[in-house]
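Work through the exercises below with the sequence and the coordinates at hand. Each task is followed by a solution in steps.

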Amino acid sequence: MTTSNRQTSMRTHMCGEISDVHVGNTVSVCGWVAKRREHGDKLAFVDLRDHTGIVQCVIDNAVDVRSEYVVRVTGVVRPRPEGTVNANIATGTVEIGDCVVEVLRSAEPPPFPVDQRADEVDENVRLQYRYLDIRRERMQRNIRTRAKVNSAVRDAMERQGFVEVETPMLVPSTPEGAREFLVPSRKEPGSFYALPQSPQLFKQLLMVAGIDRYYQIARCLRDEDLRADRQYEFMQLDAEMSFVSQDDVLAAISEAVLSAAEAVTGERPAPIERITWRDAMERFGVDKPDLRFDMELKELTNIFAATEFKAFAGASSIKGINASGRAEEFGRNKLDQMTDKAKKMGAKGLVWLKKTADGYDSPVAKFLSPSEQDALTSMFAAEVGDLILIVADEWMTTCEVLGQLRNDLGRPPVHQGPYRYVWVVEFPLFVGVDKESGRPKPGHHPFCRPHPDDLDKFETDPMSVRALAYDLVLNGWELGSGSIRIHEPEMQRQVFSALGISEEEANRKFGFFLKPFTYGAPPHGGFAFGLDRLVAILAGEENIREVIAFPKTQSGQDPMTNAPTRAEAKQLDELGIRTLPPKA
């Protein structure tokens with residue numbers, strides 16, 4: 001008799017493993033009763049479920065087993081009678097007969113069906129009873145997909161010589177990043193630890209320490225508003241490397257990501273392509289482009305360089321997209337809604353033109369010369385039924401508005417194939433200006449290394465300086481980001497100065513991090529990507545809550561444990577904390 005490699009003293013096989021090769025063998029299986037069907041007065045059919053699948057057991061009708069009872073069944077595997085084969089399950093050609101049933105634990109009726117029908121149950125109820133929700137095939141598949149990804153990532157990193165190192169969970173506050181969770185110190189009342197937003201500072205110190213190649217599947221925490229791709233606590237593959245260029249980092253992380261995808265899908269994706277941040281904005285209007293569909297932004301500024309149409313005249317940037325074949329879908333109400341959305345995003349307006357056999361149907365068509373209309377048709381290869389949308393404004397506004405409209409009109413669900421990975425490189429070192437200080441704001445964080453070709457612009461034109469920073473994007477979701485770091489104190493001081501961070505402030509906030517660099521820091525760079533997001537896409541889910549065992553709701557609540565809860569007065573007294581009454 002063949003046996004399972006998960007055989008224990010209580011079972012010989014998993015439920016989903018029983019097949020034709022076991023016919024005639026006596027087996028023992030354990031699991032939960034998924035369904036019971038009466039068959040006359042003497043027999044009942046019980047579908048027994050574990051995480052591998054379901055097997056049908058024929059038992060004495062007098063045996064009292066009900067939904068979600070935990071039982072052990074011992075019997076003989078036999079073919080199902082003719083006409084009763086179930087092609088929808090892997091064990092559908094066989095059943096277990098002559099069964100002896102041992103009830104290991106009875107169960108209360110569950111609050112919702114433990115099957116695919118639970119997808120229709122309110123999410124708060126599912127999370128309140130998450131331990132039941134996870135019994136379902138969908139959730140079992142998702143959790144095990146996550147384990148496959150973690151395993152493949154670890155294997156890939158260790159094949160490349162990376163060393164796993166655990167970094168602290170109680171760290172100093174670094175308020176320049178995302179909002180932190182603070183932890184009060186009992187030993188030093190009035191002082192606080194922070195929970196780590198990432199292991200950023202510690203992994204760079206590990207490079208100073210000579211570890212050379214570090215990685216960690218790290219838990220990180222940020223007190224930011226929750227959404228489909230964000231939780232308070234999340235897991236990321238965190239890595240850092242010494243004596244490397246940007247190409248080295250991208251190659252190492254690509255190996256981990258592609259190995260994870262191969263472990264889940266059975267196929268290795270193509271090598272990951274690259275695009276500069278500038279090109280991403282020019283072509284797609286976003287810095288996390290979804291490459292699965294066309295509708296790229298087209299540059300129209302030259303076409304309208306001498307236009308008499310006032311809305312275009314003098315605009316520094318004019319761009320457009322072609323929603324091919326979509327003109328009939330959009331009546332005046334929908335077009336007005338799109339125009340309102342464009343204005344809310346900062347645009348002065350939105351011009352639309354529907355291609356007809358005679359030219360263009362649009363309120364502005366009469367203001368465009370025949371040569372301008374012909375040039376539009378040529379630029380977009382426009383055909384009858386196409387809808388062209390144009391924005392004229394500042395370059396960034398034009399890109400961002402059309403990028404959002406492009407996604408609204410064409411983007412498929414994030415998990416829908418094919419998987420299109422892309423590296424976005426050469427981000428700006430600084431983005432925007434702080435209204436209060438008038439100083440530039442860092443694009444990623446203040447430790448990113450400026451692009452060597454732009455160092456001469458640092459003093460004269462800082463906003464044009466590129467960073468050796470890069471993001472990994474999959475199907476329009478940002479998986480993670482990284483950079484080559486500044487390892488020279490002199491350059492770090494220069495960046496701090498541009499950001500308006502004085503030497504005194506830098507020493508106060510980052511002194512423990514900066515001082516080690518005076519003892520010989522190697523050139524280094526790193527990256528981190530969100531495992532929750534990668535797993536969600538590979539598992540075919542739109543929301544990362546579906547691939548996390550015990551997530552929070554979008555409001556930050558845990559319906560199962562009722563967290564967050566109020567602390568007792570004694571606990572607060574020990575910490576020297578007083579709480580304010582809720583705001584009215």
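**Exercise 1: an enclosed strand and its sheet**

Of the 9 residues of strand S9 (residues 213-221), 7 are buried, so S9 is largely enclosed by the rest of the structure. Buried means under 20% relative accessible area, exposed over 50%, and partly exposed in between, with a 1.4 Å probe and protein chains only. Strands (E, at least two residues) and helices (H or I, at least four) are DSSP runs, numbered from the N terminus. The model is predicted: local features need pLDDT of at least 70 and side-chain atom pairs count only at pLDDT 80 or more, while totals for chains, interfaces and linings use all residues. Residues are numbered from 1 along each chain as its sequence is written, and side-chain values use heavy atoms, with hydrogens and water left out.

Task: find which strands S9 is joined to by bridges, and place S9 in its sheet.

Step 1. Two strands pair if DSSP finds at least two bridges between them. Strand S6 (residues 163-164) is joined to S9 by 2 bridges, and the two run parallel. Here Val163 stands opposite Tyr214 of S9.

Step 2. S9 is also joined to strand S10 (residues 233-242), by 9 bridges and in the antiparallel sense. The bridge partner of Arg219 in S10 is Met235.

Step 3. The order S6-S9-S10-S22-S21-S20-S17-S11 gives an open sheet of 8 strands with mixed pairing. Its edge strands are S6 and strand S11 (273-276), each of which pairs on one side only.

**Exercise 2: an aromatic pair in the sheet**

Task: describe the contact between Tyr470 and Phe527, and locate both residues.

Step 1. Rings of Phe, Tyr and Trp (its six-membered ring) pair if their centres lie within 6.5 Å; planes under 30 degrees apart count as stacked, over 60 as edge-to-face and the rest as tilted. A search of the whole structure finds 15 aromatic pairs. In the pair of Tyr470 and Phe527, the centres are 6.1 Å apart and the planes 20 degrees apart, and the pair is stacked.

Step 2. Tyr470 lies in strand S20 (residues 469-474) and Phe527 in strand S22 (residues 524-530); with these positions 57 residues apart, the pair links distant parts of the chain. Both Tyr470 and Phe527 are buried.

Step 3. S20 pairs with strand S17 (residues 421-425) over 5 bridges in the antiparallel sense. Tyr470 in S20 is the bridge partner of Val425.

**Exercise 3: the second sheet**

Task: which strands stand at the edges of the sheet of 5 strands?

Step 1. The 5 strands form an open sheet with antiparallel pairing, in the order S12-S13-S16-S14-S15.

Step 2. Strand S12 (298-299) and strand S15 (359-361) stand at the edges; each has a single partner strand, so one side of each is left without a neighbour in the sheet.

Step 3. Within this sheet, 7 bridges join strand S13 (residues 317-323) to strand S16 (residues 387-393) in the antiparallel sense. One bridge partner pair is Ser317 with Asp393 of S16.

**Exercise 4: a pocket and a cavity**

Task: give the volume and lining of the second largest pocket and of the largest cavity.

Step 1. On a 1 Å grid over the protein atoms alone, a cavity is a set of points where a 1.4 Å probe fits but cannot get out; a pocket is an open set with protein on both sides within 12 Å along at least five of seven lines, and lining residues have an atom within 4 Å of a point. Grid points are joined across faces, edges and corners, and a volume is the space filled by probe spheres set on the points.

Step 2. The second largest pocket holds about 970 Å³ of space. It has 34 lining residues, and those closest to its centre are Arg49, Ile54, Ile89, Gln116 and Glu137. Helix H3 supplies the largest share of this lining, 5 residues.

Step 3. Ala, Val, Leu, Ile, Met, Phe, Trp, Tyr, Cys and Pro count as nonpolar, Asp, Glu, Lys and Arg as charged, and the others, Gly among them, as polar. By class, the pocket lining has 7 nonpolar, 11 polar and 16 charged residues.

Step 4. The largest cavity has a volume of about 30 Å³. Its lining has 8 nonpolar, 1 polar and no charged residues; among them are Leu429, His445 and Phe447.
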